[in-house]
Structure formats: C-alpha cells, structure tokens
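Looking at a new structure and wondering where all the labels come from? Let's go through them one at a time and check each label against its cut-off.

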Amino acid sequence: MEDDSQKRNTDCVYFLASPLTCKKGSDCEFRHSDSARMNPRVCWYWLKGNCLNPACAFRHPGFKKLSSVGTGDGVH
C-alpha cells in the first residue's frame, strides 16, 4: 500500500474522539469517517492492507500504533 494512500485512509485519532477535536477539518491528511467513529470494530481488510474504501464503516487504525499496542487508533 502506498504511504500517501495509507495515510489518507488511516483514521484521525482526534476526529475519532470528537469531530470538533480535529483542528484541521477538511484539510486533515487523515480519514474522517462518522461511521467508523461510531463503530469500535477494526476493518479486517485494512489490517491485511487491502481496504482503501474511504467510506468503510470500520476503523482504520495506524499501523505503528497497532504494532506497539495490538489494537487501537491511528497516530497523528
């Protein structure tokens, strides 16, 4: 998966906390998905490196965070 594409499809941890928390708004380089924000389940396809669907209703955590914790949310 390309780095740029991966970053755009990784969830913004600030948006996941609250849509008002991310100060970058539409300029944010990370994914802002209301569906994923309300769904605590991680996308199986994302974990395998195959999900580039910006409308995916499952979470797309950052891989650095996943490798250090096991599960979690993206890293800004």
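What follows is a set of questions and answers about this predicted model.

Q: What makes Asp 11 buried or exposed?
A: Asp 11 has a relative accessibility of 2%. Buried means under 20%, so Asp 11 counts as buried. You'll find Asp 11 in the loop between helix H1 (3-8) and helix H2 (13-17).

Q: What makes the pair Asp 11 and Arg 31 a salt bridge?
A: Look at the closest N and O atoms of Asp 11 and Arg 31: they are 2.8 Å apart. A salt bridge needs a side-chain nitrogen of Lys or Arg within 4 Å of a carboxyl oxygen of Asp or Glu, so this pair fits the label. The two partners come from distant parts of the chain, 20 residues apart, with Arg 31 in the loop between H2 and helix H3 (34-38). Arg 31 is buried too, with a relative accessible area of 4%.

Q: Why would such side chains pair at all?
A: Side chains of opposite charge can pair when their charged atoms come close.

Q: How do you know that Asp 11 has a polar contact with the backbone of His 60?
A: A polar atom of the Asp 11 side chain lies 2.5 Å from the backbone nitrogen of His 60. The limit for a polar contact is 3.5 Å, so this distance falls within it.

Q: How many salt bridges does the structure hold, and which is one of them besides the Asp 11 pair?
A: The structure holds 3 salt bridges. One of them joins Glu 29 to Lys 24, with the closest N and O atoms 3.0 Å apart. That's within the 4 Å limit, so the name applies.

Q: Why are Glu 29 and Lys 24 called partly exposed?
A: The label covers values between the buried limit of 20% and the exposed limit of 50%. Glu 29 has a relative accessible area of 28%, so it is partly exposed. Lys 24 is at 40%, so Lys 24 counts as partly exposed as well.

Q: What makes Arg 37 and Asp 34 a salt bridge, and where do they sit?
A: Their side chains meet at 3.8 Å, N to O, and since the cut-off is 4 Å, the pair qualifies. Both are in helix H3, and because they are 3 residues apart there, about one helical turn separates them. Arg 37, at 23% relative accessibility, counts as partly exposed, and so does Asp 34 at 48%.

Q: Why are Cys 43 and Cys 56 not called a disulfide?
A: A disulfide is a covalent bond between the sulfur atoms of two cysteines. To get that label, the two sulfurs must be within 2.5 Å. The sulfur of Cys 56 is 3.8 Å from the one in Cys 43, so that is too far for a bond. In fact, the structure holds 0 disulfides.

Q: What makes these two cysteines buried or exposed?
A: Check them against the 20% limit again. Cys 43 has a relative accessible area of 3%, so it is buried. Cys 56 comes in at 7%, so Cys 56 is buried too.

Q: How do you know that Leu 47 can belong to a surface patch?
A: Patch members need over 30% relative accessible area, and Leu 47 has 39%, so it passes that test and counts as partly exposed. Leu 47 sits in helix H4 (residues 44-47). Together with Trp 44 and Tyr 45, Leu 47 forms a nonpolar patch with about 390 Å² of accessible area.

Q: What makes Met 38 buried or exposed?
A: Met 38 has a relative accessible area of 63%. Exposed means over 50%, so Met 38 is exposed. Met 38 belongs to helix H3, and its C-alpha atom is 8.9 Å from that of Phe 58, 20 residues apart along the chain.

Q: Which residues does UniProt list as "zinc finger region: C3H1-type"?
A: The unreviewed UniProt entry gives residues 6-35 and 37-63. In the model, residues 6-35 are 33% helix and 0% strand, with their end C-alpha atoms 18 Å apart. Residues 37-63 are 26% helix and 0% strand, with their end C-alpha atoms 17 Å apart.

Notes:
Residues are numbered from 1 along each chain as its sequence is written. This is a predicted model: local features need pLDDT of at least 70, side-chain atom pairs count only at pLDDT 80 or more; totals for chains, interfaces and linings use all residues. Side-chain values use heavy atoms; hydrogens and water are left out. Helices (H or I, at least four residues) and strands (E, at least two) are DSSP runs, numbered from the N terminus. Buried means under 20% relative accessible area, exposed over 50%, partly exposed in between (1.4 Å probe, protein chains only). A polar contact is a pair of N or O atoms within 3.5 Å; within protein, one must be able to donate a hydrogen and the other to accept it, and residues adjacent in sequence count only if both atoms are side-chain atoms. Patches are made of residues with over 30% relative accessible area and no salt bridge: like charges are joined within 9 Å, nonpolar side chains (Val, Leu, Ile, Met, Phe, Trp, Tyr) within 5 Å. Accessible areas come from the Shrake-Rupley method with a 1.4 Å probe; for residues, only the protein chains shown count as cover. UniProt positions are given in the numbering used here, feature names are shortened, and annotations may be inferred rather than shown by experiment.
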